[in-house]
Amino acid sequence: MAVSFLKHVALEVPQDRMSEAQSFYTDFGLEISSSDSVLSFRCVGREYECLHIIPGNAKRLHHIAMGTSEEGLKEICENIQQCGGTIMSPLEGYSDDGVWLSDPHGAIFHVVVVAREAELPEEPEFKINSPGNYNRVNEGALPPKSTIPALNPRRLGHVMMFTPDLDQTIAFLEQGLGMRLSDRSQSAVAFLHCQGGSDHHVIALAQSDGIGFHHASFQMGTPDEVGLAGARMQEKWGSEGWGFGRHAIGSNFFHYVRDPWNSYLEYYCDIDYIADSDNWTATNWPLEDSLHTWGPNPPADFTKNYEASEA
Ligand SMILES: [Fe+2]
């Protein structure tokens with residue numbers, strides 16, 4: 001079945017801005033799990049690290065780590081070269097567990113044999129009153145804002161990366177890593193899920209001049225948490241994000257926070273879930289639906305690949 005989940009994403013950032021990185025990702029709601037030369041973060045209460053920040057020259061996508069089974073790893077190693085992938089040596093500082101791969105354009109994946117992380121604990125249902133349905137009675141929706149504590153993402157949901165060839169990278173992810181196309185929008189963006197039950201997208205792709213990191217997205221409990229956490233980050237860090245809104249493709253509520261390197265972290269909730277790939281039909285959405293159904297317009301440079309332009 002090939003890859004079954006997204007384990008972490010690793011970014012290189014300017015080495016003289018590591019303390020800024022530490023503050024930013026901590027404010028976002030992640031906790032530090034180790035801080036030697038590499039800053040490693042996890043979502044509170046989770047077993048696996050979700051983000052590695054590595055000192056380097058400029059921000060760039062370092063690698064994406066995904067989990068699989070012994071059988072999945074064998075399949076990946078057998079199939080990878082037929083779809084333009086290359087098996088490579090481990091990156092400096094990382095183990096030789098599993099297999100290190102380069103996609104046809106040099107984006108690096110580390111696929112490891114590791115158990116899928118435990119399901120999130122069940123939380124209180126989000127209740128909403130709608131015509132004919134009084135699901136929340138005799139109680140308000142929210143306490144005073146000042147009493148709402150810091151909000152922590154529950155888990156890493158997906159990563160969007162830039163690619164210079166959307167179709168070739170879709171083929172690499174489908175034929176090499178065993179993912180499935182969920183939906184796409186023309187030649188602009190594509191969204192892929194893992195077989196065996198996963199969010200609508202685990203890896204998303206945006207067409208660009210080169211490879212690069214666009215955003216990593218973290219699950220929150222409710223639309224209120226998405227909106228409030230996004231607003232708090234915007235207030236504290238001041239940079240132009242995007243939200244609150246709702247995507248058409250994948251259906252998730254979103255709020256994007258611009259990181260110090262002109263890429264993004266996304267808070268999301270209520271994304272489509274694909275339990276069985278054979279019962280999901282991929283749609284090629286019109287370009288006008290590729291960004292969102294409602295919400296403010298994104299920043300003018302939302303889809304600019306700063307890694308390609310600065311390379
Ligand atoms: Fe996203």
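**Exercise 1.** In this predicted model, classify Asp27 as buried, partly exposed or exposed, then describe its salt bridge with Lys236.

*Solution.*
1. Asp27 has a relative accessible area of 29%. Partly exposed covers the range between 20% and 50%, so Asp27 is partly exposed.
2. The side chain of Asp27 meets that of Lys236 in a salt bridge, 3.4 Å from N to O.
3. This pair links distant parts of the chain: Asp27 sits in helix 1 (residues 18–28) and Lys236 in helix 4 (residues 223–237), 209 residues apart.
4. Lys236 is exposed, at 58% relative accessible area.

**Exercise 2.** How far apart along helix 2 are Lys74 and Glu78, and what joins their side chains?

*Solution.*
1. Both residues lie in helix 2 (residues 70–79), 4 residues apart, so about one helical turn separates them.
2. Their side chains meet in a salt bridge of 3.8 Å, N to O.
3. Lys74 is exposed at 55%, and Glu78 is partly exposed at 49%.

**Exercise 3.** Which residues donate to the iron ion, and are His158 and Glu266 buried or exposed?

*Solution.*
1. The protein donors are His158 (NE2), His215 (NE2) and Glu266 (OE), at 2.0 to 2.1 Å from the ion.
2. Along the chain these donors follow the spacing H-x56-H-x50-E.
3. His158 belongs to strand 9 (residues 155–163) and Glu266 to strand 17 (residues 264–269), so the pair ties together parts 108 residues apart in sequence.
4. Buried means under 20% relative accessible area. His158, at 1%, is therefore buried, and Glu266, at 0%, is also buried.

Key. Residues numbered from 1 in each chain as written. Predicted model: local features only at pLDDT ≥ 70, side-chain atom pairs only at ≥ 80, totals over all residues. Heavy atoms only, no water. Donors = N, O, S within 2.8 Å, 3.2 Å for Na, K, Ca; no water. Helix = DSSP H or I, 4+ residues; strand = E, 2+ residues; numbered from the N terminus. Buried < 20%, exposed > 50% of the residue type's maximum accessible area, 1.4 Å probe, protein only. Salt bridge = Lys/Arg side-chain N within 4 Å of Asp/Glu carboxyl O.
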